[in-house]
Amino acid sequence: MGMNKEESPSDFILKLQAIIQNRKDESPEGSYTASLFQKGIDRILQKVGEESVEYILASKNSDKERIVSEGADLVYHLLVSLSANNLSIEDLSQELQRRHGSK
């Protein structure tokens, strides 16, 4: 599932979002993502909170390796929470574009 040389980071985020949606729809056995959806929004949001705290601590300690690792965990769980609410990264992007245009 790694990135190929022609794939940009933003392309991979969209690919990951599609994989998350597939896990939500198909609920394959043994899938961590599917298990999050099965446990419900409270568990998903708990993970967003936990990863946020871990990201904050890594940033406070200027631990670049952990910042990247915890940031990736946070983005992943954010994508799961968006999917749980029938939203997508495009919805966030549109809001950021709207804000940028209003300045």
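## A tour of a predicted helical chain

Begin with the whole protein chain in cartoon view, where five helices and zero strands are assigned, as DSSP runs numbered from the N terminus (H or I over at least four residues for helices, E over at least two for strands). This is a predicted model, in which local features need pLDDT of at least 70 and side-chain atom pairs count only at pLDDT 80 or more, while totals for chains, interfaces and linings use all residues. Residues are numbered from 1 along each chain as its sequence is written, and side-chain values use heavy atoms, with hydrogens and water left out.

Follow the cartoon along the sequence and the pattern reads α-α-α-α-α; switched to a C-alpha trace, the protein chain spans about 40 × 35 × 35 Å along its principal axes.

Next, select Phe12, Leu16, Ile20, Leu36, Phe37, Ile44, Tyr76, Leu79, Val80 and Leu82, the ten residues of the largest nonpolar core, a term for buried Ala, Val, Leu, Ile, Met, Phe, Trp, Tyr and Cys residues joined through side-chain atoms within 4.5 Å. Colour α1 (9-26), α2 (32-39) and α4 (64-84), each of which supplies at least two residues of this core, with α4 giving the most, four residues.

Return to the full protein chain, where 26% of the 103 residues count as buried, meaning under 20% relative accessible area with a 1.4 Å probe, protein chains only. Finally, display contacts (heavy atoms within 4.5 Å): among those in the protein chain with a separation of 6 or more, 51% join residues 24 or more positions apart.

Terms used
Buried means under 20% relative accessible area, exposed over 50%, partly exposed in between (1.4 Å probe, protein chains only).
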